Amino acid sequence: MKLSQLVLKSMKKNMKHYYLYFFALIFSVTLFFSFVTLQFNESIMEATKASGTAAAGFEAASYMLYFIVLFFVLYANHLFIKRRSKEIGLYQLIGMTKGLVIRLIAFENILLFVGAVAIGMMAGLLSSRLFAMILLKILQFDAVVSMTFSKVAIVNTLLTFGILLVIILGQMAIIVGRTTLLSLFNASKQADERVKRFSALPMIVGALGLALIIYGYYKSTKLFSPETGQDLFLVMIIILVTTIGGTYLVFRYSVSFLLNLVRLGKKGHLNLADVLAVTPIMHRMKGNAKSLTLITVLTAVSLAITTLSYISYYSAKSSAYDQVPADYIAVDGREAAFLKKLDEEGISYETNHFDITNAQIDLAEFLPTDVVQIFQGETVSETTVIPLSQYKQLQPDLQLKDGEVIISSYNGVMANMLPLEERFNLTLLHEEEKFPVRVKQVDEESVLAWRITGGGFNVVVEDALFEKFQQLNKVYDVGTEATPKQQTSINLVDASDETYKKVEKLYKQTGANIYYKAELGENLSKISSLYAMTQSNLNSFGIMIFTTAFLGLAFLLATGSILYFKQMSEADEETASYMILRKIGFTQQEIMRGIVVKQLFNFGVPLLIGLLHSYFAVKSGWFLFGNELVTPLVITMALYIALYSVFALLSLKYYKKVIKQAL
């Protein structure tokens, strides 16, 4: 028989093992080719031209996707060679040299790769238009998307997966070349660990693993707290080491120990579910600990990154509002031309005017000592001050007693990292003068534009004290002509999208959007637009959520497929046991009950721990990415659970097939 005929017969025989691997490889090529193609799509280039990081984002995602595919294929290839160990041993037993066996498997891999790349590129060409439409929908950009054929994308894909194929062939040659004939026959039958009598050491080490994870979670809650201070990087390293190390110890020791306690608690009276679920898990935990740890960590990382990206996108409008807390904001009376256009078009609007002056505060008065040390003694900072009478435009019933003030616009990163409680003393400073006051309340609502405050908070004071600071600023000539003295907030009465789009055209026609010429030393823009800021955020964050979502999907595909492949391998190894159980009278349904418990552990425990890891990772610093946490977190977690469930169901289906064929 010719080698080519042997290759075709071998592939046909092993297709039941390769089909999901082949599909996953096709899907990986499709994603990669689509990402590369999107960079050259005219509609995408037009939609993302305002964002200078779009091309870099696609390129970085392509590299990340390649490493995900590399990890997946290397692991899956190793697993498949192990499953075919007996077949490889038989080839050598009938006289085939190791070199010939290596060529046989190499030809199979080459055919698989060529087929997967060809199909994947065709699917990628078709799906790139769909992905482009999804991205434009995320960016809220209206355009007709055409199918783009890129020679650069084809060359990059062929080169990338050609290198991957060479790596895979090298791995396969090393594994087959270093393995003896006897070990090949016994490779699929080797138990990872015989369950022995448990000593105190596994119990102590397992408890240590749980303690490390809990400690890592605790440190994550304090990551951006004042007590962390300047040790942020060190604390991050501690969190990574404790959670990853603790996860491995939990899988390696805690699980087996706990399951052994369950088994001992039954005093030898094990039912069928125990035999099919508890005992196999204990036997294999030593060998599975590393892979389960890796899968758990990858799940947590991909879920955390996807969630943080979604938080940014979901918070695009609220983040824009923190920077532009009105539909349009003008400074120092520069809104005249814009308002005239609105009047001419009959567009109704409301305006609020805020006079602005400056004062100084000593941060050491109300910030924790650990935070104050970061400033190295320079704790006096500028803050903006507005009068109570104008702040009442937002809160008409608000009253201040003599010496009381309000801190407003205290939100976002500041509020989460350094939360302030109401009713504390504060001193407003101006050169040599001091004005002791008491903070009545702390409001989150933004009042002044970010370009005025620089992201800081405002102090609302009584009108008399405000006028005092105005006079002092004139006397001491504080600030420059470019420093804003007044803000005008403009809110449209009709909040429909049609009205906003119409007003945006007027906004651009009046030149209101042309602002801040740094080279001329000119100050702020004429008018800031909430709508324009929101669109800018959607553009930036939309690209990020698009790339991270597909990378997360690739991570899921890799980890879920690896878990599925491992369960396929275990099912084949346990076929003889199922045959015995069927012969002594157990039904398929009775056996499947134990298998369901086993799959709940194999898929559920890594997912559960991964969800916990990602939750604490996201919870530690989500406020750096946006203003909304619960909804993005719940949606992404639900999607991950649903996709993992698909692989679990596929695994159960395969077990059912194996059990059915046991007789």
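Q: Is Ile105 buried or exposed?
A: This is a predicted model in which local features need pLDDT of at least 70 and side-chain atom pairs count only at pLDDT 80 or more, while totals for chains, interfaces and linings use all residues. Residues are numbered from 1 along each chain as its sequence is written, and side-chain values use heavy atoms, with hydrogens and water left out. Ile105 is found in helix H5 (residues 98-139), where helices (H or I, at least four residues) and strands (E, at least two) are DSSP runs numbered from the N terminus. Since buried means under 20% relative accessible area, exposed over 50% and partly exposed in between (1.4 Å probe, protein chains only), its relative accessible area of 4% makes Ile105 buried.

Q: Which residues is Ile105 in contact with, leaving aside its neighbours within four places in sequence?
A: Contact means heavy atoms within 4.5 Å. On that criterion, and with those sequence neighbours set aside, the partners of Ile105 are Ile88, Met172 and Val176.

Q: Which residues of helix H12 are buried, and why do they lie on the same side?
A: Helix H12 spans residues 336-344, and its buried residues are Phe338, Leu339 and Leu342. The arc is that of the directions from the helix axis to the C-beta atoms. They lie on the same side of H12 because they cover an arc of only 95 degrees around the axis.

Q: Which exposed residues does the face of H12 turned away from its buried side carry?
A: The buried side of H12 is covered by elements including strand E1 (328-331), strand E2 (349-355) and helix H18 (497-509). On the face turned away from that side, the exposed residues are Ala336, Lys340 and Glu344.

Q: What is the order of the strands in the open sheet of four strands?
A: Two strands pair if DSSP finds at least two bridges between them, and the pairing in this sheet is antiparallel. E2 and E10 each have a single partner strand, so one side of each is left without a neighbour in the sheet. The order is E2-E9-E1-E10.

Q: Which helix gives the most to the largest nonpolar core?
A: A nonpolar core is a set of buried Ala, Val, Leu, Ile, Met, Phe, Trp, Tyr and Cys residues joined through side-chain atoms within 4.5 Å. The largest has 125 residues, and Phe546 is one of those that touch the most other members. With 17 residues, the helix that gives the most to this core is H19 (residues 530-573).
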